[in-house]
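Please open the model in your viewer and keep the sequence panel beside it, since this tour moves from one selection to the next.

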Amino acid sequence: MNSHIEPANPLRRKRWNPYVVGVLIGVLSWLTFLTMDKALGTSSSLVHVAGLIETVTGNADKVTGPAANSYFAKEINEKTPMFDWQVFLVIGVFIGAMVSSRLSGDRSTECVPGLWTWRFGPSKAMRYAAAFFGGAVMLFGARMAGGCTSGHGISGGLQLAVSSWTFFIAMFASGVAMAFGLFGKGGRHHVV
């Protein structure tokens, strides 16, 4: 018998049913297409923020002018870089995570997971450096692929786009390969 009792208010739960969350993300995606005629995605917002910074620092020609950087010219498509709804989606993810941890009472402060400690030691600096480097590689890959996991995996997957399904399968396959490369078969005994 499970002695852990879930709170009645779903906002106070530490974990939600993944199927319910999947349905809610699908509904959010439908609403986004309906109201904004755009797909859910986050990596493009970083391009727009970079373009906005270039514009504010007096380099607007590099973004939308005749001397536009080819990357900005392709990604921004002559639009003025601004804080659009996708930027606020990214900000909302951070705020939502903070609110969720407070509502659920999850005060976990584990900085270095047990699996990482088993393989690489307890160094927080090494863990943070690896996480930053991994995030940078993922962002670079997302921009090369023309979308991130939310853009391809959710929005493109819902539309049954072949490129998105190819991305999604490649992402999972490379994730499994990387996990085995980093932790080997012995790592499964150290996952909580």
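**Starting with helix α1**

In this predicted model, begin by selecting α1 and placing a distance between its end C-alpha atoms: its 19 residues should span 27 Å at 1.5 Å a residue, and the computed separation of 26 Å agrees with that.

Keep α1 on screen and colour G26, S29 and T32, which are the buried residues of this helix. These three cover an arc of only 120° around the axis, and therefore lie on the same side of α1. To see what covers them, add α4 and α7 (149-158) to the selection, because the buried residues of α1 pack against these two helices.

Next, turn to the face of α1 that points away from its buried side, where you will find the exposed residues V23, W30, L34 and T35.

**Moving to the surface patch**

Now select L11, W16, V20, L24, F88, I91, I95, M98, V99 and L103, and show them as a surface: together they form a nonpolar patch with about 890 Å² of accessible area. The elements that contribute two or more residues to this patch are α1 (18-36) and α4 (85-104). Which of the elements gives the most to the nonpolar patch? That is α4, with six residues.

For a last stop, centre the view on I95, which is found in helix α4 and is also listed among the residues of the nonpolar patch. Its relative accessible area is 47%, and because exposed residues are those over 50% and buried ones those under 20%, I95 counts as partly exposed.

Conventions. Residues numbered from 1 in each chain as written. Predicted model: local features only at pLDDT ≥ 70, side-chain atom pairs only at ≥ 80, totals over all residues. Heavy atoms only, no water. Patch = residues over 30% accessible without salt bridge, like charges linked within 9 Å, V, L, I, M, F, W, Y side chains within 5 Å. Areas by Shrake-Rupley, 256 points an atom, 1.4 Å probe, with all protein chains shown as cover. Salt bridge = Lys/Arg side-chain N within 4 Å of Asp/Glu carboxyl O. Helix = DSSP H or I, 4+ residues; strand = E, 2+ residues; numbered from the N terminus. Buried < 20%, exposed > 50% of the residue type's maximum accessible area, 1.4 Å probe, protein only. Expected span 1.5 Å × (residues − 1). Arc of directions from axis to C-beta. Contact = heavy atoms within 4.5 Å.
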